[in-house]
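Student: Can we go through some of the labels people put on residues? I'd like to see the reasoning behind each one.

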Amino acid sequence: MRYVRNTIRVLVFILVAGLLHYVLPQHDVARITSTEVIRMDFSSVNRLFFAQPDSSNTEFATRDIRLINSQKKRTWFLGFFQRESEQVMVYRNEDTGWIWPPYFKFDSSDLQAEASANMSAPAAEQWVVITHYGWRNRFFTIYPNAIAIRPIDGPGTTVVPWFNIFFFIFAGIAALFIRAMWRQFRERVIDPALGNAGDAWDKVEGHADNVGDKATGIWGRLTAWMNTWRAKK
Amino acid sequence: MALIRLMIFGFLAMTIIYVAISVYSRSVRREKLENRWAEKHPDLDDEDARDTYINEGMERYNNGIRPKLILSVYVIPTILVVLVLVFTNWN
């Protein structure tokens with residue numbers, strides 16, 4: 001029973017952590033090398049990882065996706081520490097509009113223009129901080145969605161993730177509050193209702209214990225339990 | 001359409017939170033009143049007087065500012081949505 005419970009706990013933790021890692025904003029230090037538009041024909045595998053056509057447009061099975069090609073600084077430990085080496089990264093640039101995740105982004109076109117404005121060649125590098133959510137996966141052809149682009153002086157900049165800090169503080173407070181609410185509910189509503197039932201249960205258990213004291217082993221316990229159902233003589 | 005859907009589901013979610021917090025806050029206040037009564041009159045076994053005391057306390061609570069403050073459950077998320085909207089799309 002404990003294994004089942006722990007397994008479920010671990011699975012729930014992985015699911016929630018994965019969801020947060022996908023949805024919460026992250027910051028990459030990168031330089032934009034080019035922008036492009038490709039046509040994409042989504043399948044049921046990767047449709048979930050794309051948002052929707054630009055605000056006020058109609059949904060079709062096929063549509064153009066704006067992409068931002070970049071060269072970004074590698075990081076480790078969830079992006080907290082920057083490394084010297086670089087890697088390519090491709091971002092998509094889509095409106096999230098009023099749907100999930102709640103970034104309420106309507107300015108994809110403007111963002112694409114900003115990306116073009118900050119494009120640079122290796123000799124004269126223009127570094128930017130790209131705020132994004134989502135994952136890059138080659139096998140599913142999915143891209144993180146760029147939310148904002150901010151030019152910076154050099155690649156050594158550290159970005160403080162203020163939003164995530166406040167988000168986790170708030171989530172902690174909310175969790176404590178929900179726990180307090182649940183405890184109050186249990187104390188004031190469930191426990192009083194169970195009060196009488198609990199007394200009856202204690203009697204049954206006491207009786208079973210008396211019988212059980214005489215029994216040893218699984219078979220003995222089973223017959224002892226059967227005896228509790230027999231009529232008293 | 002997406003905006004209407006967001007408004008409907010957002011309103012439903014906020015209503016659930018509002019009701020839950022209202023019930024919780026009321027329950028905490030009632031418990032406090034019960035404890036205060038028990039402290040003041042440890043030996044008195046008068047159900048009617050106790051009920052009157054608690055009902056008066058709950059009335060004071062209902063007329064106080066706290067139930068109105070819980071309405072901010074509707075206000076704060078709306079402000080947050082507007083803020084995120086502005087910060088995401090502002091150049």
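Student: Why is A:Arg39 called exposed?
Tutor: In this predicted model, A:Arg39 has 56% relative accessibility. Exposed means over 50%, so A:Arg39 gets that label.

Student: What makes A:Arg39 and A:Asp41 a salt bridge?
Tutor: Their closest N and O atoms are 2.8 Å apart. The rule asks for a side-chain nitrogen of Lys or Arg within 4 Å of a carboxyl oxygen of Asp or Glu, so this Arg and Asp pair fits.

Student: And is A:Asp41 buried, partly exposed or exposed, and why?
Tutor: Partly exposed, because A:Asp41 comes out at 44%. Buried means under 20% and exposed over 50%, with partly exposed in between.

Student: Why does A:Ser108 count as buried?
Tutor: Its relative accessibility is 0%, and the buried label is for values under 20%. So A:Ser108 counts as buried. You'll find A:Ser108 in helix H2 (residues 108-117) of chain A.

Student: Which residues is A:Ser108 in contact with, leaving aside its neighbours within four places in sequence?
Tutor: A:Asp54, A:Arg66, A:Asn93, A:Glu94 and A:Asp95. Contact here means heavy atoms within 4.5 Å.

Student: A:Glu94 is in that list. What makes A:Glu94 a salt-bridge partner of A:Arg92?
Tutor: The closest N and O atoms of A:Arg92 and A:Glu94 are 2.3 Å apart, and the cut-off is 4 Å. Both residues are buried, by the way. They also belong to a network of salt bridges that links A:Arg47, A:Glu59, A:Arg63, A:Arg92 and A:Glu94.

Student: How do you know that A:Arg188 and B:Glu34 form a salt bridge?
Tutor: Use the 4 Å cut-off again: their closest N and O atoms are 3.0 Å apart. This pair crosses between chains, running from helix H3 (residues 162-214) of chain A to helix H1 of chain B. A:Arg188 is at 24% relative accessibility, so call it partly exposed.

Student: How many salt bridges does a search of the whole structure find?
Tutor: Over all chains, 10.

Student: Last one: why is B:Asp45 called exposed?
Tutor: B:Asp45 reaches 70%, and exposed starts over 50%, so the label fits. B:Asp45 is in the loop between helix H1 (2-40) and helix H2 (47-63) of chain B.

Student: Which residues form the negative surface patch with B:Asp45?
Tutor: B:Asp46, B:Glu47, B:Asp48 and B:Asp51 join B:Asp45 there. The patch is called negative because Asp and Glu count as negative.

Methods: Residues numbered from 1 in each chain as written. Chains lettered and ligands numbered in written order. Predicted model: local features only at pLDDT ≥ 70, side-chain atom pairs only at ≥ 80, totals over all residues. Heavy atoms only, no water. Patch = residues over 30% accessible without salt bridge, like charges linked within 9 Å, V, L, I, M, F, W, Y side chains within 5 Å. Areas by Shrake-Rupley, 256 points an atom, 1.4 Å probe, with all protein chains shown as cover. Charge placed at Lys NZ, Arg CZ, Asp CG, Glu CD. Helix = DSSP H or I, 4+ residues; strand = E, 2+ residues; numbered from the N terminus. Buried < 20%, exposed > 50% of the residue type's maximum accessible area, 1.4 Å probe, protein only.
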